[in-house]
Amino acid sequence: MPTPARVRADACPGVFAPHDAADGPLARVRLPGGTISAVQLHALADAAEACGDGDLHLTSRGNVQLRGVTRPGLAARLTDAGLLPSPSHERVRNVLASPLSGVRGGLADVRGLAASLDLVLCSTPELAALPGRFLFAFDDGRGDVASEGADVCWRATGSSEGTLLLAGGDTGRRVARADAAAVLIEVALEFCRVRGAAWRVAELDDPAWRGTPVPRTGFSVPAGLILKDGGGYAAGVVPRFGQLSATQARALAEFGTALVTPWKTLVLPDVPADVFARLGFGGEAWGTTACIGRPGCAKSRADVRADAVFRPGLRAHFSGCERRCGKPSQSHVDVVAEAGGYRIDGRWVPLDEMEGKL
């Protein structure tokens, strides 16, 4: 059954249309494919300190948010860094790509496909009308980003061919890797023509926009050093709550280009093992995630990050309200704040008993 279409306006935040959060305006910076150069990472760190709260907040779509943006100049800084190539399209540049592609594993190398799509996306005026929640993805065959609920996804079935997925369903349409970006753009244009009030492909009631459901994977980027297929090392960085200080971001920029993943982590494609180890990044994989909670969100009933429980093997998401912002797509314990406690997978537990119930 299709998901009901939205009746309210699309309010996905961007740089020119930030969200008015309790801790000040929130600006979301899109990073197609999660790719950010060292120069751009330095620029974001500088912008976070000059205009916001001083931190970079990773998102579940491989983007970065700046919170508490109360001082001017953000758009100019990001434009100078090449992070806003098309102001009219800034909120629709939502593109995932398998972050370990070309590093370790996978059937095809999808590096470069997100950038190719982004160029066409930003130069196609009609696509500026896409909803801010519409999501593109390129999966290298391991099933990682294909599990993230993309509206339209190319998933590799071999080194030079793949299949077209719509809202997580396999359409059976075979597409060459060389044509992948063009086909996803073609689908997005058709969606713009037929969507009516729908924001997502799953909200369309036309069976032509359906496919055979594909099993979801529980993929995540490992913390620490990753042995590359061709030798040498990459690294997975797993910051607590997906939050980096400006100082940490600048330290990571010393390794060159970084990839922000949809699991609020980063991949550094090329690192000297001894240097990375001395910096102390990525030594622990945090299984617990949380929304921003109080005091950053007026809708939150609790300071969920202060209440969050961390334990080896525990995968839980703490939410301040029923919206469950930032929840992971993988299987997890659902923990939602209520007066005096939390509802854990639907069962209310007082705050002082919570740790023992997880």
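**Exercise 1. Disulfides**

Task: Find how many disulfides a search of the whole structure gives, and work out why Cys12 has no bond to the closest cysteine sulfur.

Solution:
1. In this predicted model, the search of the whole structure returns 0 disulfides.
2. A pair of cysteine sulfur atoms must lie within 2.5 Å to count as a disulfide.
3. For Cys12, the closest cysteine sulfur belongs to Cys325 and is 11 Å away, so the distance is too far for a bond.
4. Cys325 is likewise in no disulfide, as its nearest cysteine sulfur, that of Cys321, is 6.0 Å away.

**Exercise 2. Accessibility of three residues**

Task: Decide whether Cys12 is buried or exposed, then classify Cys325 and Ala178.

Solution:
1. The cut-offs are under 20% relative accessible area for buried and over 50% for exposed, with partly exposed in between.
2. Cys12 has 6% relative accessibility and is therefore buried.
3. Cys325, at 37%, is partly exposed.
4. Ala178 has a relative accessible area of 74%, so this residue is exposed.
5. Ala178 sits in the loop between β10 (169-176) and α4 (180-194).
6. The C-alpha atoms of Ala178 and Glu161 are 8.2 Å apart, with the two positions 17 residues apart in sequence numbering.

**Exercise 3. The second largest pocket**

Task: Describe the space in the second largest pocket and the residues that line this pocket.

Solution:
1. The space in the second largest pocket is about 470 Å³.
2. Its lining consists of 26 residues, with Pro32, Gly33, Thr35, Ala114 and Ala115 nearest the centre.
3. Sorted by class, the lining holds 15 nonpolar, 7 polar and 4 charged residues.
4. Helix α3 (residues 113-122) contributes the most to the lining, with 6 residues.

Notes: Residues are numbered from 1 along each chain as its sequence is written. This is a predicted model: local features need pLDDT of at least 70, side-chain atom pairs count only at pLDDT 80 or more; totals for chains, interfaces and linings use all residues. Side-chain values use heavy atoms; hydrogens and water are left out. On a 1 Å grid over the protein atoms alone, a cavity is a set of points where a 1.4 Å probe fits but cannot get out, and a pocket is an open set with protein on both sides within 12 Å along at least five of seven lines; lining residues have an atom within 4 Å of a point. Grid points are joined across faces, edges and corners, and a volume is the space filled by probe spheres set on the points. Helices (H or I, at least four residues) and strands (E, at least two) are DSSP runs, numbered from the N terminus. Ala, Val, Leu, Ile, Met, Phe, Trp, Tyr, Cys and Pro count as nonpolar, Asp, Glu, Lys and Arg as charged, and the others, Gly among them, as polar. Buried means under 20% relative accessible area, exposed over 50%, partly exposed in between (1.4 Å probe, protein chains only).
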